Amino acid sequence: MRLDVFTLFPEWFEWFRAQRHVRNALDAGNELRFFNPRETTPLSAGQVDDTPYGGGAGMVMRVDVIDAALRAAYGEERPERIVLLAPSGSQFDEALAQELAGASGAALICGRYEGVDERVREHLATDTVSIGPYVLSGGEPAAMVVADAVLRKLPGALGDERSAVEESFSDALSGAPEYPHYTRPASYSGWEVPDVLLSGDHERVRRWRLARSRERATGSRR
Ligand code: ADE
């Protein structure tokens with residue numbers, strides 16, 4: 001797939017792009033590109049924002065600037081999904097990550113300043129997404145969260161394909177959180193690994209893991 005990030009701060013993503021699973025996904029034929037709306041703004045002096053109609057604090061990113069950035073990147077052929085990151089969006093979850101990973105292309109638009117002109121949400125975006133009920137100073141960390149959750153689902157991103165199959169919120173676990181993991185030592189400071197995991201009985205291990213995963217889903221255990 002092709003994942004495009006529209007951001008005024010593409011340098012924020014340099015570290016992200018260098019991470020192993022991201023490089024793996026790109027080596028497997030996927031693309032991750034960055035577009036800076038300041039470089040394609042139709043306004044002079046690199047202007048991208050303006051004061052809000054009706055008054056109030058802060059600056060608002062302009063719809064014509066975002067549209068120009070999309071036009072410069074795609075012409076009239078927009079990607080399947082155009083996601084605006086905003087605290088007022090619908091909550092990002094594993095199901096949306098899966099949908100985006102299945103798209104041929106997706107754009108992530110990072111908002112800045114007080115917000116983005118509402119017409120971006122109404123006319124340009126297919127989705128408005130929040131990563132949680134708190135306000136970040138911009139959409140960049142949110143876009144990174146979304147990009148990470150999406151890219152790790154692509155074939156080749158993870159070293160072991162099983163990692164993405166039976167993980168939290170996956171179909172294999174009926175959407176429940178993942179079961180607990182343990183590794184050596186089997187006993188540490190009197191803290192023991194559950195016997196069943198040392199038993200070598202794969203069927204018992206499978207049933208135990210499913211049960212723990214369900215407990216976590218229902219909150220019936222800490
Ligand atoms: N931009 C600012 N806060 C955000 C949030 N919580 N989710 C997505 N984008 C944001």
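Which strands does helix α4 lie across, and at about what angle does this helix run to β1? In this predicted model, helix α4, which comprises residues 63–74, lies across β1, β2, β5 (81–91) and β6 (105–110), and its direction is at about 145° to that of β1. Helix α5, formed by residues 94–101, also packs on the sheet, where it touches β5, β6 and β8, and its direction makes about 170° with that of β5.

The sheet on which these helices pack can be described next. It is an open sheet of 5 strands, arranged in the order β2-β1-β6-β5-β8 with parallel pairing. Because β2 (31–35) and β8 (127–130) stand at the edges and each has a single partner strand, one side of each is left without a neighbour in the sheet. From one strand to the next, the twist averages 30°. Strand β1, which spans residues 2–6, runs parallel to β2 and is joined to it by 5 bridges; within this pairing, Phe 6 has Phe 35 of β2 as its bridge partner.

The nonpolar interior was examined in turn. In soluble globular proteins, nonpolar side chains tend to be buried together. In the model, the largest nonpolar core holds 31 residues, and among these Phe 92 and Leu 108 touch the most other members. Two or more residues are given to this core by each of β1, α2 (20–27), β5, α5, β6 and α7 (140–151), with α7 giving the most, namely 8 residues. The surroundings of Leu 108 can be listed in detail: when residues up to four places away in sequence are not counted, Leu 108 touches Leu 3, Asp 4, Val 5, Phe 6, Val 83, Leu 85, Ala 143, Val 146 and Ala 147. A second core, separate from the one just described, consists of 17 residues, including Met 61, Val 65, Ile 82 and Ala 107.

The model also contains a ligand, which is surrounded by 13 residues. The closest of these are Ala 86, Ile 131, Gly 132, Tyr 134 and Leu 136. Backbone atoms of three of the closest residues can be related to nitrogen in the ligand, as follows. A polar backbone atom of Ala 86 is 3.2 Å from a nitrogen atom of the ligand. For Ile 131, a backbone N or O atom lies 3.0 Å from a ligand nitrogen atom, and for Leu 136 a backbone N or O atom likewise lies 3.0 Å from a nitrogen atom of the ligand.

Key. Residues numbered from 1 in each chain as written. Predicted model: local features only at pLDDT ≥ 70, side-chain atom pairs only at ≥ 80, totals over all residues. Heavy atoms only, no water. Pairing = 2+ DSSP bridges. Helix = DSSP H or I, 4+ residues; strand = E, 2+ residues; numbered from the N terminus. Axes fitted to C-alpha atoms, helices over the stretch in contact; angles between N-to-C directions. Contact = heavy atoms within 4.5 Å. Core = buried A, V, L, I, M, F, W, Y, C linked by side-chain atoms within 4.5 Å. Buried < 20%, exposed > 50% of the residue type's maximum accessible area, 1.4 Å probe, protein only. Near = heavy atom within 4 Å. Polar contact = N/O pair within 3.5 Å; in protein donor to acceptor, adjacent residues only side chain to side chain.
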